[in-house]
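Welcome! Let us walk through this structure together, beginning with one helix and its surroundings and ending with a view of the chain as a whole.

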Amino acid sequence: MATLEKIRSKSGFLIVVIGLALLAFIVGDALTNSRNLFGDHSTVAKMGSAKVDITEYQRKREELNQQLEEARRNNPASVANFDMQTLPQIAITSLLQEQILSDHAEKAGIEVTGNLLRFYMLESPQPSQEVMLLVSQLNQSGLSVQTPQQAYEVIFNPKRNGLTEAQVEPYRRLWLAAEAKTQADVARQIYYRLVQKSVKANDLDKKALYNDYVNTAKVELAYLPYGTLTEKEYPVSDSELKKAYEEYKKDFTVKEDTKDVQFIAISVTPSQKDQADSKALAQRTVQALSDSTGQVSKDIKKEGVAVTHHSLRAADLPSTLKETVTTTPKGGVKLVSDNLQGFTVIRVTGSSLQTDSIQINTVMTATEDLGRRVLAALNSGLKADSITARYSVDSVVPQLNQWIPLYTANGRAAGIDKATVDSIVNAGGKYVTLQAGPQGMVMASLVTKKAPVMVYDYDEATYVLGPSPATLNGERARLEKFLAANPSAKDFAANAAKEGFNVQRFSLTQSAPAVPRMMGMNSYYPDSRQVVRWVMIDGETGDVSRVYESKSNTNPMLYAVAVESSYDKYVPLSNPEVKNYMTEKVRRQKAGDKLMAQYSKKTQSLQSAAQAMGVEARTIDSFRFGYNAGVNDQAVMGKINGTKADKKVEIVKGDDGIYVYQVMDKKKENFPYNEQQYTQQYFQMINPNLMEMLQGDARIKNNIYKFEAGE
């Protein structure tokens with residue numbers, strides 16, 4: 001007691017001492033290891049010895065973003081459906097694979113130096129992206145280079161090119177960085193090719209494939225499929241399930257922490273009232289465009305109506321609007337469409353004949369003073385194609401017979417205004433000044449113009465119908481009420497369908513880019529990455545999330561998720577898909593045992609067995625192992641292939657039914673042996689996943705959601 005009293009009397013002092021010691025521990029640990037009590041702050045993902053650091057990850061993300069932007073510029077259709085939610089995982093997967101290949105290449109002693117590095121940096125027909133980016137940067141800074149060799153010459157021999165060491169130092173660092181990356185990339189490529197070449201058929205493999213094809217058998221076969229197997233006829237006990245699961249457990253191995261979830265996704269659509277309001281808004285828009293001003297009010301625009309003016313040639317009018325625009329008189333207003341997607345109203349403002357393209361000659365001069373002299377000479381009769389004979393080719397640049405489009409499929413062409421065109425057209429063939437200043441002078445004259453075409457001017461008012469805030473709030477309130485009444489995963493699963501919610505089950509990991517629309521599909525619910533983040537970081541078994549939202553004016557979505565179970569090595573038997581799979585497997589085994597016992601004594605002949613089973617026997621004249629569509633079970637196929645041609649009636653249990661067969665004859669087809677053909681066939685049959693081979697049993701630790709919250 002006395003000791004306890006002494007401790008109590010000094011408790012304030014002890015708290016201070018303990019607090020200081022704890023602070024020193026935390027600070028010291030953070031300073032020495034860049035870690036504290038909350039774990040590693042810089043590792044985004046890890047697999048075995050391969051590790052992705054945050055700086056590497058950010059660099060890869062930026063690189064992928066640039067590639068996407070370039071693809072959008074050059075071929076928009078190629079990335080039209082790309083889901084940005086997948087980008088973080090693409091970056092992580094790429095970096096992990098690079099690191100794994102680099103580690104293996106280093107262990108194998110692969111080095112990229114000397115002539116090999118020179119080839120990839122300077123001589124390759126397809127220079128690396130980093131080298132070409134450096135070439136581009138040099139040009140942007142005013143140093144004219146076209147090839148990697150020229151870039152190298154400028155960077156490493158500055159004096160010979162009139163530059164100082166200081167001027168080229170930044171580019172020298174970039175070049176050395178490009179060298180290092182090229183060395184790593186090429187080493188990985190070399191190692192990958194070596195691994196790829198190591199997976200090849202030996203002579204026995206190739207001969208075995210050849211023999212499987214040329215060795216054929218004549219087989220008489222009767223097949224009775226199991227069909228629908230009911231629980232009543234073939235009950236499966238828990239002990240039977242557990243025993244079967246233990247046998248096939250390795251088939252359900254997972255390489256990273258996994259959680260089974262139940263997921264509700266609600267696509268909020270316009271209500272009946274929203275649709276009625278849309279129709280009323282359409283009539284108000286028609287009325288506003290029909291008024292004397294021909295304009296819609298600010299209030300109508302606030303409700304979502306967008307008005308766009310168009311000037312289009314008849315050939316460029318949208319097919320859905322062409323008849324309306326060409327037949328409606330000036331000032332006329334028409335409601336073109338009004339449906340569940342919204343409405344479109346057209347107001348025709350006029351039509352006129354317009355020149356849609358002209359052919360011109362242009363002349364550019366290096367100075368304004370020279371330009372005035374050239375302009376006078378041209379308008380005094382000097383031909384444009386003779387101008388370089390009188391003036392220096394370095395100071396005068398003629399461009400002859402250029403066709404200039406004044407209208408495109410999108411309307412009046414940008415870049416040349418109507419006043420400029422009118423001045424050229426109305427100059428009577430004379431040259432007129434388009435631009436003049438310290439940088440020089442540009443002049444042009446009309447060569448010819450196309451015959452006028454009809455151009456239609458109209459205003460297009462559009463409204464895209466989506467659910468109103470009231471409708472969205474109503475759906476959110478309905479889902480929130482359900483979650484409040486069902487706060488556990490068990491209640492969530494038991495009552496969702498009763499309340500009209502459709503529940504999907506998924507197995508999610510931290511490597512999941514987002515929630516898939518269907519298991520196994522490479523398509524994801526919009527903005528559902530935030531849901532995976534909650535599941536993998538905050539959600540515990542039995543927890544239910546709050547409501548998450550994917551914002552969209554036309555198709556907003558609401559999400560809620562419940563965590564059913566968590567596991568890190570094997571998908572458990574409690575998983576519905578695993579349980580169903582194993583239940584069906586045990587049930588098929590029971591059915592096979594029962595049918596084998598039932599028909600084993602009725603195999604005096606194939607015909608008697610077929611008759612007893614109620615099926616028709618058939619003949620396979622050229623039975624080949626691995627090529628037979630008539631036998632789906634690989635084990636049964638192998639058994640038939642290994643049976644002697646003794647016409648003995650055999651019965652065997654397969655995974656899909658029972659088979660009764662007899663091998664009547666065996667022969668060898670006269671096909672020549674082609675070594676290359678069977679080398680290729682072996683590789684196709686093996687279809688090795690080389691990266692999976694290199695990864696081995698290494699588990700994935702993915703921390704991406706700790707760095708990108710997904711909110």
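**A guided walk through the model**

What covers the buried residues of helix α7 includes three other helices: α5 (114-123), α6 (129-140) and α8 (165-198). Please keep in mind as you look around that this is a predicted model. Which residues of α7 are the buried ones? In this helix, which takes in residues 148-156, they are Pro148, Ala151, Val154 and Ile155. Around the helix axis these four span an arc of only 125 degrees, which means that they sit on the same side of α7. Here, a residue is called buried when its relative accessible area is under 20%.

Now let us move on to a sheet. Strands of a sheet pair through backbone hydrogen bonds, and they can do this in a parallel or an antiparallel way. The sheet to look for is an open one with three strands, in the order β4-β3-β23, and its pairing is antiparallel. At its edges are β4 (50-53) and β23 (700-702), each of which pairs on one side only. Going from one strand to the next, the twist averages 10 degrees.

Take a moment with the pairing of β3 and β23. Strand β3 covers residues 43-47, and three bridges join β3 to β23, the two running antiparallel. If you would like a landmark here, find Lys46: opposite this residue, in β23, stands Lys701.

Which helices accompany these strands? One of them is α3 (residues 54-74), which lies across β3 and β4 and runs at about 70 degrees to β4. Another, helix α4 (residues 87-107), packs on the sheet and touches β3, β4 and β23. The direction of α4 makes about 135 degrees with that of β4.

Finally, step back and take in the whole protein chain. How many helices and strands does the chain have? There are 25 helices and 23 strands. Along its principal axes, the C-alpha trace spans about 115 × 100 × 75 Å. The radius of gyration of the chain is 38 Å, whereas a compact globule of 711 residues would have one near 27 Å.

Of the 711 residues in the chain, 39% are buried. The chain exposes about 40600 Å², and carbon and sulfur atoms supply 52% of that area. As for contacts between residues at least 6 apart in sequence, 71% join residues that are at least 24 apart.

Terms used
Residues are numbered from 1 along each chain as its sequence is written. This is a predicted model: local features need pLDDT of at least 70, side-chain atom pairs count only at pLDDT 80 or more; totals for chains, interfaces and linings use all residues. Side-chain values use heavy atoms; hydrogens and water are left out. Two strands pair if DSSP finds at least two bridges between them. Axes are lines fitted to C-alpha atoms, for helices over the stretch in contact, and angles run from 0 to 180 degrees between N-to-C directions. Contact means heavy atoms within 4.5 Å. Buried means under 20% relative accessible area, exposed over 50%, partly exposed in between (1.4 Å probe, protein chains only). The arc is that of the directions from the helix axis to the C-beta atoms. The radius of gyration is taken over C-alpha atoms; the globule rule is 2.2 Å times the number of residues to the power 0.38. Accessible areas come from the Shrake-Rupley method with a 1.4 Å probe; for residues, only the protein chains shown count as cover.
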